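Here is a small set of exercises to work through with the model open beside you. Try each task before reading its solution.

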Amino acid sequence: MRTDKPIRVLVVDDEQLVRDLLVSYLNGLGFAVETAQGGLEGLEKYSGGDFDLVITDLSMPNMDGIELVKELREIDDEAVVLIITGYPTIGTAVEAIKQGAADYITKPFTLDEVKIRIDKAIGAKTLKGRLKSAQGLAWGLLFSIPLWLVIGILLAWMFR
């Protein structure tokens, strides 16, 4: 996760009002925000950009939010996606999470709720990255300690 640049968010929604609301709010929080009017445009922008987070509507023409999540996760298995919907069902929530969405937000939503979900999703991505780094360090130590032991034994044997 980058720390020197603002968090880049792609907002994908076929409703101009929702896009404008989220862009205004997220820009105010210091995020760099781009938008797409639908799933296909969102997929195209994601492929050409470096986004930390995607917020997408569930119901859109041509490609719905669940299909977008699936396609994004094929491009980037660490893509962080939040789905927003005005038509929540347990089935769509389960399917969204199953396809790799980080969270599922129902309309009407509050901006504070969106901020909390973003913080949670970005925090989880950051934690996952730190765990991978720690795991790499642990493996490095695991392999380097026996090597140094062998060198120490050889040196001790040579200078006895």
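**Exercise 1.** With which residue does K45 form a salt bridge, and how far apart are the closest N and O atoms?

*Solution.* A word on the ground rules comes before the steps. This is a predicted model, so local features need pLDDT of at least 70 and side-chain atom pairs count only at pLDDT 80 or more, while totals for chains, interfaces and linings use all residues. Residues are numbered from 1 along each chain as its sequence is written, and side-chain values use heavy atoms, with hydrogens and water left out.

- Step 1: apply the criterion, a side-chain nitrogen of Lys or Arg within 4 Å of a carboxyl oxygen of Asp or Glu. K45 pairs with E41, and the closest N and O atoms are 3.8 Å apart.
- Step 2: place the pair. K45 and E41 are 4 residues apart in helix α2 (residues 39-48), so about one helical turn separates them. Helices here are DSSP runs of H or I with at least four residues, strands are E runs of at least two, and both are numbered from the N terminus.
- Step 3: check the exposure. Buried means under 20% relative accessible area, exposed over 50%, and partly exposed in between (1.4 Å probe, protein chains only). K45 is partly exposed at 29%, and E41 is partly exposed at 31%.

**Exercise 2.** Find the salt-bridge partner of D57 and describe the surroundings of D57.

*Solution.*

- Step 1: D57 bridges to K107, with the closest N and O atoms 3.7 Å apart. D57 lies in strand β3 and K107 in the loop between β5 and α5, so this pair ties together parts that are 50 residues apart in sequence.
- Step 2: D57 counts as buried at 4% relative accessibility, whereas K107 is partly exposed at 22%.
- Step 3: leave out residues up to four places away in sequence and list the contacts (heavy atoms within 4.5 Å). D57 then touches V12, D13, D14, G65, I84, T85 and K107.

**Exercise 3.** Look for backbone geometry worth a second glance around K107 and N62.

*Solution.*

- Step 1: recall the background. Most residues other than glycine have a negative phi, and most peptide bonds are trans.
- Step 2: the peptide bond from K107 to P108 is cis, with omega near -5°. P108 sits in the loop between β5 (103-106) and α5 (111-158).
- Step 3: N62 has a positive phi, near 75°. N62 belongs to the loop between β3 and α3 (65-75) and is exposed, with a relative accessible area of 75%.

**Exercise 4.** How many aromatic pairs are there?

*Solution.*

- Step 1: rings of Phe, Tyr and Trp (its six-membered ring) pair if their centres lie within 6.5 Å; planes under 30 degrees apart count as stacked, over 60 as edge-to-face and the rest as tilted. The count comes to 1 aromatic pair.
- Step 2: the ring centres of Y46 and F51 are 6.1 Å apart and their planes meet at 20°, so the pair is stacked.
- Step 3: Y46 is buried at 7% relative accessibility, and F51 is buried at 4%.
- Step 4: test for a charge over a ring, which requires NZ of Lys or CZ of Arg within 6 Å of the ring centre and within 35 degrees of the ring normal. R8 lies over the face of F51, at 4.4 Å from the ring centre.
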